[in-house]
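Dear colleague,

I am passing on the structure we talked about, and below it you will find my notes on what it contains. Please keep it open while you read, so that you can follow each step by eye.

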Amino acid sequence: MAVLLFILVAVATPITNIDAHIAYFSVIWLALAIAKIPPLIVIKRSLIEIPFVAFALLMPFFGQGERVDFLGLSLYQEGINAGAAIIAKATLGVLSAILLSATTTAREILRGLEVLRLPSMLVQIATFMLRYLNVVTDEMERMRVARASRGFEAKGIRHWRVLANSAGALFIRSYERGERVHLAMLSRGYSGTLPKEERVTISPNQIVLGLALPLLALASLLISVSL
Amino acid sequence: MREKSLEISELAYVYPDGNQALYGVNLSISKGERVALLGPNGAGKTTLVLHLNGIIPTMQGKVRVAGELVDAKNAESIRSIRHKVGIVFQDPDDQLFMPTVGEDVAFGPYNAGLRGLELEKAVKDALELVGMSDFIDRPPHHLSFGQRRRVAVATVLVMKPAILVMDEPSSNLDPAARRELAEIITSLDITLLMVTHDLPFAHELCQRAVILSAGVVVADGQIGSVLSDSKLLEAHRLELPKGFTL
């Protein structure tokens, strides 16, 4: 049940992020925790961050106030700070998400959220999303194949009408499926709550382990402030 | 007289849009009988099925399951009715909504108040009955259609229903999966109401056939004699596959 710990981390890290200067410390701690995950995978998965980085790199060129000369470029101090903060925070966020997803299955994350007392309605919605995501994407794929089989190619804006119709049909189908699923649930005695895993117990050790990461980050924040 | 698992008398239903689906249906099924409910598309079969556990409230007439009146207004009785009537819906993706097979089978008994070891055992036993024990921790979307249908049957069997209702159980199954399902059904000691267009499948599994057409029961009898009455079948848009003889 390492689940919980990492969720706690993921939830707690953004708080420590507020002070962007200190955030670098937590990155190190995160990297330490990641140790067991092949670095290549971490890097690959981090690629998702690139758009943010690109945006952040542009920031120094737009802004107001104090200017700094760097490599012959005239940059705005404020923009540099903001850009750096974005990169730092995004990296932290991405890394912790990678940590969570690499160590925990989606099902376990949901269980963890339940134990953390997330409103059960939200957990239920997420559970169904997990179950039906594949069903709906399959349906989408079938519709795409059906369109393509009749010679349709989405080439430009003139074809958006067809795509919009397909999206509409998909929406209605999903809605109807939702109704049928609800009927099936009622037929088996659904009364507002999904069965819970009862054997979930959290030992103090797990809590300590889970809190280690955010606590270390917090500690580094406090130290840097007092210096 | 044998104990009745299901008694329907003078059941009529009009949809809110004014479309009348049932015009006074009478049907009685004894304990242990396996009955095929046949009828063309739009005959009211699904409407009838949804009456059996009070999903559609009874408008006129009476439905009794194992002697208990289905009354949609009485929440307590509806709960016990829903444990007595096990409906297997047509699309297993509608029926299997939990992240894993085991959790899905546990859904019904959990709602009935089963917990812990008892719950685990009930789940295991039900999966055993349909030969899907090895799949307990698998997510439903990784199973084949036939396997999902079998799990769907398990999710209902686990409730130990007084009557098992199956809506088009053989649809979309390949021949082997269809045969496996037939074997599972024959191995169960249970009252069965099977809604289907698959006449050979019905003939293989049921002793009795009921034809519902345009909201009324037009034939009810021994399945061999119902299916050999070609005029009757033709009048109600039912056909045996070409070359098939009883």
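A good place to begin is helix H8 of chain A, whose buried residues pack against helix H2 (75-84), strand S6 (85-88) and helix H3 (92-95) of chain B. Please bear in mind throughout that this is a predicted model. The buried residues in question are Val181(A), Ala184(A) and Ser187(A). The length of the helix can be checked with a short calculation: at 1.5 Å a residue, the 28 residues of H8(A) should span 40 Å, and because its end C-alpha atoms are 40 Å apart, the expectation and the model agree. After H8(A) comes Gly189(A), which has a positive phi, near 85 degrees.

From this helix we can turn to the contact between the two chains, to which chain A contributes 21 residues and chain B contributes 25 residues. On the side of chain A that touches chain B, helix H7 (120-149) and helix H8 (160-187) each supply at least two residues, and H8(A) gives the most, with eight residues. Sorted by class, that side of chain A is made up of ten nonpolar, five polar and six charged residues.

Chain B also holds a sheet, which is open and built from four strands in the order S2-S1-S4-S5, with antiparallel pairing. Strand S2 (20-30) and strand S5 (68-69) of chain B stand at the edges and have a single partner strand each, so one side of each is left without a neighbour in the sheet.

It may help to walk through the sheet pair by pair. S1(B) and S2(B) are antiparallel and are paired over eight bridges, and Tyr13(B) stands opposite Leu22(B) in S2(B). These two strands form a hairpin with five residues between them, and in the turn Gly18(B) has a positive phi of about 95 degrees. S1(B) is also joined to S4(B), again in the antiparallel sense, by five bridges, and here Ser9(B) has Lys62(B) of S4(B) as its bridge partner. Finally, strand S4 (residues 60-65) of chain B is linked to S5(B) by two bridges, the two strands running antiparallel, with Arg64(B) having Leu69(B) in S5(B) as its bridge partner. Helix H1 (residues 45-52) of chain B packs on this sheet, where it touches strand S1 (4-14), S2 and S4 of chain B, and the direction of the helix makes about 60 degrees with that of S2(B).

With best wishes

Notes
Residues numbered from 1 in each chain as written. Chains lettered and ligands numbered in written order. Predicted model: local features only at pLDDT ≥ 70, side-chain atom pairs only at ≥ 80, totals over all residues. Contact = placed C-beta atoms within 7 Å. Nonpolar A, V, L, I, M, F, W, Y, C, P; charged D, E, K, R; others polar. Pairing = 2+ DSSP bridges. Axes fitted to C-alpha atoms, helices over the stretch in contact; angles between N-to-C directions. Expected span 1.5 Å × (residues − 1). Buried ≥ 20, exposed ≤ 12 C-beta atoms within 10 Å, placed from the backbone.
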